[in-house]
Amino acid sequence: MALPLSRQKALREWKLYFFVIPSVLLVATFSYFPAMSAIYHSFFDWQGGDNKQLIGWANFKRALGDQVLWDSFKTVSILIAFNVVKMIPSILIAVLIHRLKSDRAQYLYRVALVVPMIVPGLVTLFIWKFFFDPNLGVLNNILDFTGMKTLLVNIDQFFGWGVFFDNVPVGWLSQPELILPALFIWGFPWIGTVGVLIYLAGLQSIGQEVYEAAELDGVGPFKKFLYIELPLILTQVRLSLILLMIGTLKDFGNQLLLLGDAGGPGGVGMVPALWMYNRAFIAGEFGYACSIGMILFLFILGLTYVNNKYVRVEK
Amino acid sequence: MSGALKDAVGSYKQKDWPKHLVILAFIIIELFPFYMMMQVSFKDNASFIQAPWLPTPPFSVTETYVDPAAPVSAAGVESPAERVKQRAARWSEVFSGEVAPPRGDPTFREGELRFDLGVYKLNNWVFGLKLIGPYIANTVFVAVTGTVVTLALAILGAYFFARYKMPFSGAIWGAFMVLMLLPGVANLVPLFTLLKDLSLLNTLWALIIVGIAGGQVFNLFVLRNFIEDLPKDLFEAAEIDGASHFKQIVNVVIPMSGPIIGTLAILAFLGKWNDYLLPLVVMRDKELFTLGVGLIYLDGEYVKNWGQIMAAYFIASIPLIVIFLFCMRLFVRGLSAGAVKG
């Protein structure tokens, strides 16, 4: 711990304050001021210029009745559910790597897992967009190549969805019904580098004696996962669950770049943060955008509270 | 870890190869997009449609023989002699950046196999480099300046908090930590108007300064904990030798915390390299685009020639690949550590 100083000594060390002043000034200007300004302006009718008019809670009342906003919260909850499912491969891979006998292979696999991280996220995103391209895209090619297309068309005719047709390329990002499935497929096989590395760190802290005891009791590999590994990495799983929920709630980059600023055809891919961006920079309703930001902030604050209260991370 | 210990993790009875198989399958699918990026970057649209999956073999197999029964198409190619001349000219085309004749022309018959490196469209890369090179330069400037200043300020600040408990240091620390709870997303709109008022819109400095401010909290948090764990005797010895606080930072803190600073630097650099939302909102001039905005405009603006686009994507990843090759260990550890911070 830092040593407490007597007042006299502190006065002699006053120069130390200069060390922290730059950080304080920067953070005050570029983090605190915008945050305060957002709270302040959420009560105004404000187009981003000098003219603004105090309208009290009108922005929030409007948000409560805003169908697009509520639909976007529905969409984002679906996306969060998708992302929870997408956590499973990471856990699986982490456990498999952990159980390998050779340390060398473990290290090699970890390096291979880091490789996707050194390609800029944006590039990965655009490669996936290319995969979804209806005419040249890889996904449609794979469907045709493996004959899955015919299967999908048959299923479609059976259930009468009216989504897949023979001889018509599947427009993954241009057919409203397919946007959510496309966002689900996005990133297959869903190995999150950071996720796997956290789980591995958690798994490595499991004591050998636990495994030895299990071995003596003749516990099989699946039960070992269920009764030893999963409970002991539950802290990490919960941590990444919360982080993932907050991240999904905040994020709108994927939707903006894959589907455009209106959330794609029919606005199916609209998420709250994208709606805020849209109101501010497309419609010029900065005041209303601020109040959407406030609502979003309340949700995130709630999740952060849950995080701090129920998820303890031991170093 | 010794072999005996490892054996307790897996079972004695269990073989390792099924696990290897599953992991490899996952990793291969995971890396498939990057494989596609690499091999498509050497093709043009026509050869991509012909053979989307595999890299083009280094042979030219077409346009050696034309079916006399078939009518000459409107491709502008009249006689076989003309065609031979065209193929001879391909090598120069590859480097001069001209477009090769379409390979899927139905009047061409596949004849002999000729070894021909001309099937690799190197001009994709030339084009990509021209297109994305300036953006990379801008991004390197923003990311390097931002990372260096972020860490310099964070080290100074962390030293302030870690060395002594000064009056108000608790309050200032609390003010920093509260920011960990605030989501950045609600700030985007006011930040935009703030930058407008400071007339920083459409400058690289806006990205740098906002990046520095945004990086303070996390880096302060990590560095303070680290500096507090350094042995106190070192500081006392330095103080007795008459070292000022600044000298103590330079001669004690920085040498002792090399790895953690390296890790934090990589994380900060990665973050700045990947950032595109703020640049998208702030930047207007094409000459000042960073990689993020540049790629977004590339995605929207040009007639899609996938080979060129993929080459540009690949070039955009090269700086990170170089860093990765040089400090793989820091990378792997940094990502695990960064993951734990939350």
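Student: What percentage of the 342 residues of chain B counts as buried?

Tutor: This is a predicted model, in which local features need pLDDT of at least 70, side-chain atom pairs count only at pLDDT 80 or more, and totals for chains, interfaces and linings use all residues. Residues are numbered from 1 along each chain as its sequence is written, chains are lettered from A and ligands numbered from 1 in the order in which they are written, and side-chain values use heavy atoms, with hydrogens and water left out. A residue is buried under 20% relative accessible area, exposed over 50% and partly exposed in between (1.4 Å probe, protein chains only). Of the 342 residues in chain B, the buried portion is 49%.

Student: How many helices and strands does chain B have?

Tutor: Helices (H or I, at least four residues) and strands (E, at least two) are DSSP runs, numbered from the N terminus. Counted in this way, chain B has 16 helices and 5 strands.

Student: What percentage of the contacts in chain B with a separation of 6 or more joins residues 24 or more positions apart?

Tutor: A contact means heavy atoms within 4.5 Å. For chain A, pairs 24 or more positions apart supply 63% of the contacts with a separation of 6 or more. For chain B, the corresponding value is 77%.

Student: Why is chain A described as more spread out than a compact globule, and what is its radius of gyration?

Tutor: Chain A contains 17 helices and 3 strands. The globule rule, 2.2 Å times the number of residues to the power 0.38, gives 20 Å for 315 residues, and the value for chain A is well over this, so the chain is more spread out than a compact globule. Its C-alpha trace spans about 75 × 55 × 30 Å along the principal axes. Taken over C-alpha atoms, the radius of gyration of chain A is 25 Å.

Student: What percentage of the area that chain A exposes is supplied by carbon and sulfur atoms?

Tutor: Accessible areas come from the Shrake-Rupley method with a 1.4 Å probe, and for residues only the protein chains shown count as cover. Chain A exposes about 15,000 Å². The part of this area supplied by carbon and sulfur atoms is 66%.

Student: Which residues of chain B does A:Leu96 touch?

Tutor: A:Leu96 belongs to helix 5 of chain A, a helix that is mostly covered, with 10 of its 12 residues buried. A:Leu96 is itself buried, at a relative accessible area of 15%. Residues up to four places away in sequence being left aside, A:Leu96 touches B:Lys19, B:Val22 and B:Ile23.

Student: How far does helix 5 of chain A reach from its first C-alpha to its last?

Tutor: Helix 5 of chain A covers residues 88-99, 12 residues in total. The expected span is 1.5 Å times one less than the number of residues, which is 16 Å here. The reach in the model is close to that expectation, at 17 Å.

Student: Which residues of chain A does B:Leu194 touch?

Tutor: B:Leu194 lies in helix 8 of chain B. Its relative accessible area is 8%, so B:Leu194 is buried. With residues up to four places away in sequence not counted, B:Leu194 touches A:Thr29, A:Phe30, A:Phe33 and A:Pro34.

Student: Is B:Phe168, with its positive phi, buried or exposed?

Tutor: Most residues other than glycine have a negative phi, and most peptide bonds are trans. B:Phe168 has a phi near 75° and sits in the loop between strand 5 (164-165) and helix 7 (169-178) of chain B. At 64% relative accessibility, B:Phe168 counts as exposed.

Student: Which residue is joined to A:Phe188 by a cis peptide bond?

Tutor: The omega of this bond is about 5°. The partner is placed in the loop between helix 10 (176-185) and helix 11 (193-204) of chain A. The residue joined to A:Phe188 is A:Pro189.

Student: How far apart in space are A:Ser77 and A:Leu249, C-alpha to C-alpha?

Tutor: A:Ser77 is found in helix 4 (residues 67-85) of chain A and is partly exposed, with a relative accessible area of 40%. In sequence, A:Ser77 and A:Leu249 are 172 residues apart. In space, their C-alpha separation is 8.3 Å.
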